[in-house]
Structures are given as structure tokens and as C-alpha cells.
Amino acid sequence: MMRAAVYLPEGRRGPGQHGEIDLDVLEVRSAELVLPEATIRDERGVELFDNGSLVFDHAWGGGPLAEPALDRQARAFGLVNAAYHTQRALRFCALLLGHSLPHLIVRIGMHEQPRHWGGGHYRLPGQGQQADPDAVTPTGEVHLGGGAGFVRTRDAQRYFHAPAHNTAIIYHEIGHHLCRHTADFRLNRLRPPLQQTNKKTAVDEGTSDLITAVLLGTPDIYGWHRQHVPEGDQRRRKLDPRWTMAHFQGGRDQDPHTDGTVWASACWSARRRVAGAGVDPIRFDALLLRGLEQAGRDGGQRLTYEALRERRHFSRLLAAMAQADPSLAPLVLAAMAEHGIHLGASNSGLGQAARAGQGRLVDA
Ligand SMILES: [Zn+2]
Ligand SMILES: [Zn+2]
């Protein structure tokens, strides 16, 4: 165990509370931390850990306008922060699943050319549009940009937006690692390890946003770096009772993140419903994770269009969740129904039904 400074989630807008925790580290290298469940590395070739300490200041995210020593400090803090939250998320998943997910590689400072990058993504080795220019480990990697642009903190300080400082981005990408190795919505386990697909569906994006909300303790998961997007705009991706299947677009050209907000919001409502009934909300989290695992086992032994299509459906995962904890299922199904999600229907069928009854939904 080593003392380490990180951002602790505080359930409100901003990066979190700067504080110290104990990090379970196996090895500290010059710009890499090896943990039992993950390896976190800064790829920009600057030595970050030279004095044996993992306690750093956030240095307002560092960035190109900061003094080099401060930028280095910010990179070191980001790496430690990413390591802590990766460990926390993977241990949460392992606790509820009863087994570990594959060791995860997290690489920071990726894809700096042709322009700086303030985002993150989860990548498997593959081909096509979403293929990564770098060689990727077959069990999956999280890539974080080195940062781009500035955001404001609550007290209006200018902060360089380095994704490793933004816990929501880290958690979201780990959510994809969870989905890949449980529900496996794109049946990647049936593809050759070096020819997997990185195309994500709405249920994958929404589940990753829900995991983010659970671990951050707030439904306004991107409230910090999307503070310029109004809360009533779906692109804010705040989990909210207002997002129902009536807002689901579907189709090839639709952003799966936006459609995913419907699923994430419905899950958040169900989780609140469970807590409101006096049940520990971690029972909902367990129901979701065990449902994801069950959905990965059911059917789909062949990589067919039909098998892939079924795996996109919210109601397919919901059925697996309901089976995972039958005593909790009525509460969960009732909350889901308020978002227009019912068992035994396709996403487009649910969307049509919700739009047909939209007048009632808007009044509710
Ligand atoms: Zn990448
Ligand atoms: Zn995503």
C-alpha cells in the first residue's frame, strides 16, 4: 500500500475533493503504475515518479500554458488518479460478479496528433473505422488523451481538461471493459482476437454511463466538462427521469451515447426506486452486473446478424436482470416501464409505442 493523492468523488459538479488514500500498488516505474488488476501508463515519455511518492498536486490540470514543472506534476497526479479510480471500479465489479475482469491496460497521452485530445475511448484490436492506430491488447485497453481545452471549476478557476483528472471519463471507459467481458453486446468473443469490433451500441453506452453514476454518486455525471450544455439537453447525458423511449432514435446515424442516456436514466430510476423501498441500492448494482453476465451467456453461439440485433435490445438485458434477483424485479420493472422499457420488445418497437403515448408521458 502507498499513500496517494487523488480526486475523491463528492457527488457534485467539479473534479472532486483532492484527498489522500491508500493505493494497492505492485510496482512503480518511471511513468507507470502496476496494480494487481490494471497497469496505468503515461505514454508521453516524461519521467513522472522519481522520488518514491504518489502524492501530487492537481496543478490545475497542467497543460501547454503551464510551467513545465507544473505540467509534469499534473501528469503525475493524473496517472495516480486514473490508477485509483481504475482499481476502485474494477474491484467494485469483481465484488459483485464474484470474479475479476481481465487485467486492464490504461494508456494516457494517446493520439496527440494531429490535434490534442480531451477524451477517452475503450479499444479492442480490430479493423474498420473505429480501429486504433496503435497495437491493442486483445482483452481491451482504455486510452485517454493528454488533454485539450479548458473547463471552469466551481470557483471559476481555469482548469486544463486532462481526461485523467476527470473521473467520469475513466469510469465510463471501464464500463465498456465490464460490458465486453460480460454481456459482450457485439459478440466479440466469437471473432478472431485481432479482428474484434469497436462499434458500440446504445445499451453498452448507457450501461457505462450508469456505472459512472453509481461510482460517482451523482446522475449529472458529466456536469463538470459539459457544464456549457443545458441539463435539459440530452447531450449533457445527465441521467434524468425525463429521458424515455420516446427520445430513442436508433439507426445507423444516431449517436449511441445519446440513445444510451435513455437506458442509463431508466436504470438510475430503478436504482432510486430500490433505495426508496429501503433496500440497499447495491442490490440493484448486483442485479445489473449479474444480468449483464447472464445476457452474455444466453444464446448467440454464432455470429449472425440476428444474434447481434437481439443483443442491442434493452428488454433482452432487462429480462436477464429480472431473473438475477426475482424479489427485486417488480420494483425494477415498474421503474423501467415509466421510461417506456418493457420486456419482450425491440428498441424500435418500444420507441414507437412510447411516441404513440407521448402525451401521457409528458404530462406524467
Ligand atoms: Zn486509442
Ligand atoms: Zn462510450
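So, before anything else: four donors count as tetrahedral if all the angles lie between 85 and 135 degrees. Keep that in mind, and keep in mind too that what we have here is a predicted model.

Let's start with the zinc ion that is ligand 1. Who holds it? Three histidines and an aspartate: His111 and His121, both through NE2, then His143 through ND1, and Asp132 through OD, at 2.0 to 2.1 Å. The angles among those four donor atoms run from 103 to 115°, so they pass the 85 to 135 test and the site is tetrahedral. For reference, the ideal angle for four tetrahedral donors is 109.5 degrees.

Along the chain, the donors of ligand 1 are spaced H-x9-H-x10-D-x10-H. His111 sits in the loop between strands E6 (104-108) and E7 (120-123), while Asp132 sits in the loop between E7 and E8 (141-144), so that pair ties together parts 21 residues apart in sequence. And is Asp132 buried or exposed? Asp132 is buried, at a relative accessible area of 12%.

Okay, on to the sheet. It's an open one with six strands, and if you walk across it you go E3, E4, E5, E6, E8, E7, with mixed pairing. E3, which is 27-29, and E7 are the edge strands; each has a single partner, so one side of each has no neighbour in the sheet. From one strand to the next, the twist averages 15°.

Zooming in on the E3 end: E3 and E4 (residues 32-34) run antiparallel, and three bridges join them. If you want a pair to click on, take Glu27, whose bridge partner in E4 is Val34.

Now the helices that lie across these strands. H1, residues 68-97, lies across E4, E5 (38-42) and E6, and runs at about 160° to E5. H2, residues 167-180, lies across E6, E7 and E8, running at about 15° to E7.

H2 brings me to the other zinc ion, ligand 2. Which protein donors does it have? They are His172 and His176, each through NE2, plus Glu205 through OE, and they lie 2.0 to 2.1 Å from the metal. The spacing this time is H-x3-H-x28-E. His176 is in H2 and Glu205 is in helix H3 (residues 202-216), so this pair ties together parts that are 29 residues apart in sequence. His176 and Glu205 are both buried.

That's my tour; over to you for questions.

Key
Residues numbered from 1 in each chain as written. Chains lettered and ligands numbered in written order. Predicted model: local features only at pLDDT ≥ 70, side-chain atom pairs only at ≥ 80, totals over all residues. Heavy atoms only, no water. Donors = N, O, S within 2.8 Å, 3.2 Å for Na, K, Ca; no water. Tetrahedral: all angles 85-135°; square planar, octahedral: opposite > 155°, others 65-115°. Helix = DSSP H or I, 4+ residues; strand = E, 2+ residues; numbered from the N terminus. Buried < 20%, exposed > 50% of the residue type's maximum accessible area, 1.4 Å probe, protein only. Pairing = 2+ DSSP bridges. Axes fitted to C-alpha atoms, helices over the stretch in contact; angles between N-to-C directions. Contact = heavy atoms within 4.5 Å.
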